[in-house]
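Work through the exercises below with the model open beside you. Try each task before reading its solution.

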Number of protein chains: 2
Amino acid sequence: MIDLCTLGTGGTMPLHTRALASLYVRNGARALLVDCGEGTQVWVGKLGWGFQRIGAILISHYHADHCSGLPGFLLALTKAGRTEPVDIWGPRGLVRVMSGLRVICPNLSYETVLHEVPDEGSCFEAAGLRVRAFPLDHGMPCLGFRFDLDRPRAFLPDRARELGIPMCLWQRLQRGESAEDWTPDAVLGPERRGISFVYATDTRPVPAIAEAGRDTDLMILEGMYGAEDDLPKALKNSHMLYRESAALAREAGTGRLLLTHFSTSMEEPEEHLAAACAVFPRTGCARDGMTMTLRYDGVTEQTTPGWTET
Amino acid sequence: MIDLCTLGTGGTMPLHTRALASLYVRNGARALLVDCGEGTQVWVGKLGWGFQRIGAILISHYHADHCSGLPGFLLALTKAGRTEPVDIWGPRGLVRVMSGLRVICPNLSYETVLHEVPDEGSCFEAAGLRVRAFPLDHGMPCLGFRFDLDRPRAFLPDRARELGIPMCLWQRLQRGESAEDWTPDAVLGPERRGISFVYATDTRPVPAIAEAGRDTDLMILEGMYGAEDDLPKALKNSHMLYRESAALAREAGTGRLLLTHFSTSMEEPEEHLAAACAVFPRTGCARDGMTMTLRYDGVTEQTTPGWTET
């Protein structure tokens, strides 16, 4: 099970009606954050899922709306008492950006470990999830992310008893290790589908996004512009129309598409939703503070009561 | 006339119920901002007094809650179409801090002119006001500010007519220049009191604050801690209790004291107001979005309707 919260859903500038796009990903006791524009710490506080468990921060790129909240957020982790290291991933330039921003938050209670993702992308582990960072097309180094939570094969106790395997060996076999004469295959069921989702904003459509979205439960993609008339702006600013994100979701065959990172020019992002649904029907618009739980058996959505109203 | 807005009133961390302390100062068509923590641009937008007229930013010190909003704010000025230079004043270290923060906002539509105020303070002009920056006691270079708007001496047209001064010379005399045989003193009334106020947060009490506050209409001072029990925290973190700010206001003999920069530990800053009023009765607690107009004939307060509720 993975819990997600779209802390903010805005692009370019924070508004009092819409915070900057950021995603809180909770995997049990561990969590990570994708992007951290100014104000992100406020909405993490309001969400109530906690600061201290956040051990990884993934930054898509270095436009201010995606990273200007880092100094305050890193200080908030200190205030929350974190002492374990925090891993920060981002495209080329991370060390330079962090050196700049750390000028106003030099003293933290924990170490930050910086990982510059090469331009072609990379795979790593964060908050117990397998993460694949892949390059987007935004006129500067910019990353999308695919997250996978693997589901362990079921342990078959009846089978283990039939084979006469002593119970003291069960745990090792369950973990996938061999034990004495037995191999895990003897007592584990078939491979099972895990949970997977993609988060990609700030890009023109590129094949890598659809490819990353294959077999996922959910894709969270940018909905910078809803109206067809905004195509010239989308081209100029390296962003996507709703229908372009929807086409990527359709191509990927994902379970569901959630749009986020809305232009400040759209007061009501849902007004344009039909344009996306015409291409990929299972599309919705994210809202600030919307929470979702991804389970092994599908997607459940729930919204945090009162969040967007206060 | 000067319009003020306490955009935020919080110290240390922004909350969803309280933005970081920042002051918008409007002098007709010109304006300046004191401090710019993360989120300040949101509340400038909500206030509706405009971005473009803000030609000066004064930073008290480089703790993140006072300057982390600069990258986003500078970009917002670009988005608002500003092309004239923006002056930024701050204590020693400004060039280093701005070099760091500009990493995520390298391209602006205007020039930023950086002014490092020496440790002993300095005088300058911003938004048509005389400003005096003076040192505070916060364990690092930190500035308080006194603002003065001078009131021109009245021009006496009856006197000018009596003296037979040609009308074509009146404007020069009114501006305080001599014209032909006449000096301004011949046609100008007595000196008049202007408007003045002080803004100082993040400090232990120092005599310079009371001195700066002499003859002012208003002092806006920190109210980091209300309860007497918090004195050890105030000493440790170089902040003030309500009663300490009130004592400075009393010593200065200012017209009125407004407390701001409240600790996140105080849910309701007004709960402790009595402790300040016992020392200096004309004390109030600022609120996010509170606006005030300072006139030559006294202080008028008005609050922006609905601001703190949304």
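**Exercise 1. Find which residues of α3(A) are buried, and what covers them.**

Solution.
- Step 1. This is a predicted model. Select helix α3 of chain A, residues 70-79.
- Step 2. Apply the cut-off: a residue is buried if 20 or more other C-beta atoms lie within 10 Å of its own.
- Step 3. The buried residues are A:Leu70, A:Pro71, A:Gly72, A:Phe73, A:Leu74, A:Leu75, A:Ala76 and A:Leu77. That is 8 of the 10 residues, and the helix is mostly covered.
- Step 4. Look at the cover. From chain A it includes α1 (40-47), β4 (54-58), α2 (64-67), β5 (86-91) and α4 (94-101). Chain B adds its own α2 to that cover.
- Step 5. Move past the end of the helix. A:Gly81 follows α3(A), and its phi is positive, near 90°.

**Exercise 2. Describe the side of chain B that touches chain A.**

Solution.
- Step 1. Count the contacts. 28 residues of chain B meet 28 residues of chain A.
- Step 2. Assign them to helices. In chain B, α1 (40-47), α2 (64-67), α3 (70-79) and α4 (94-101) each supply at least two residues of this side.
- Step 3. Find the largest share. It comes from α3(B), with 5 residues.
- Step 4. Sort the residues of this side by type. There are 15 nonpolar, 9 polar and 4 charged.
- Step 5. Check the confidence. The model scores ipTM 0.91 and pTM 0.92.

**Exercise 3. Judge the overall form of chain A from its radius of gyration.**

Solution.
- Step 1. Start with the expected value. For 310 residues, a compact globule would have a radius of gyration near 19 Å.
- Step 2. Compare. Chain A has 21 Å, which agrees.
- Step 3. Add the dimensions. The C-alpha trace spans about 70 × 50 × 40 Å along its principal axes.
- Step 4. Check the packing. Of the 310 residues of chain A, 47% count as buried. Take the contacts in chain A with a separation of 6 or more: 64% of them join residues 24 or more positions apart.
- Step 5. Divide the chain. Domain 1 of chain A covers 2-152 + 196-303, and domain 2 covers 154-189. Their centres, taken over C-alpha atoms, are 40 Å apart.
- Step 6. List the secondary structure. Chain A has 10 helices and 15 strands.
- Step 7. Check the confidence. The average pLDDT of chain A is 94, and 96% of the residues score at least 70.

**Exercise 4. Place β5(B) among its partner strands, and say why it is called enclosed.**

Solution.
- Step 1. Locate strand β5 of chain B at residues 86-91.
- Step 2. Because 5 of its 6 residues are buried, the strand is largely enclosed by the rest of the structure.
- Step 3. Take one partner. β4(B), residues 54-58, runs parallel to β5(B) and is joined to it by 3 bridges. Here B:Ala56 stands opposite B:Asp87.
- Step 4. Take another. β6(B), residues 112-117, pairs with β5(B) in the parallel sense over 6 bridges. B:Asp87 appears again, opposite B:Val113.

**Exercise 5. Find the strand that pairs with β11(A) over 4 bridges.**

Solution.
- Step 1. Select β11(A), residues 218-222. The strand is mostly covered, with 5 of its 5 residues buried.
- Step 2. Follow the bridges. They lead to β10(A), residues 192-200, and the two strands run parallel.
- Step 3. Pick a facing pair. A:Val198 is opposite A:Met219.

**Exercise 6. Is B:Thr260 buried or exposed?**

Solution.
- Step 1. Locate B:Thr260 in strand β12 (residues 257-260) of chain B.
- Step 2. Count neighbours. B:Thr260 has 26 C-beta neighbours inside 10 Å, so it counts as buried.
- Step 3. Inspect its contacts. Among them are B:Thr6, B:Thr201, B:Ile220 and B:Glu222.
- Step 4. Take B:Glu222. It is 38 residues away along the chain, yet the two C-alpha atoms are separated by 4.9 Å.

**Exercise 7. Examine the phi of A:Ala127 and of A:His261.**

Solution.
- Step 1. Recall the rule. Most residues other than glycine have a negative phi.
- Step 2. Read A:Ala127. Its phi is positive, near 50°. It lies in the loop between β7 (122-126) and β8 (129-135) of chain A. It counts as buried because it has 23 C-beta neighbours inside 10 Å.
- Step 3. Read A:His261. Its phi is also positive, about 60°. It sits in the loop between β12 (257-260) and α10 (273-277) of chain A. With 30 C-beta neighbours inside 10 Å, A:His261 counts as buried.

Notes:
Residues are numbered from 1 along each chain as its sequence is written. Chains are lettered from A and ligands numbered from 1 in the order in which they are written. This is a predicted model: local features need pLDDT of at least 70, side-chain atom pairs count only at pLDDT 80 or more; totals for chains, interfaces and linings use all residues. pLDDT is the predictor's confidence in each residue, from 0 to 100. Two residues are in contact if their C-beta atoms, placed from the backbone, lie within 7 Å. Ala, Val, Leu, Ile, Met, Phe, Trp, Tyr, Cys and Pro count as nonpolar, Asp, Glu, Lys and Arg as charged, and the others, Gly among them, as polar. Domain bounds come from an automatic or database domain assignment. A residue is buried if 20 or more other C-beta atoms lie within 10 Å of its own, exposed if 12 or fewer, and partly exposed in between; C-beta atoms are placed from the backbone. The radius of gyration is taken over C-alpha atoms; the globule rule is 2.2 Å times the number of residues to the power 0.38. Two strands pair if DSSP finds at least two bridges between them. Lists of a residue's contacts leave out its neighbours within four places in sequence.
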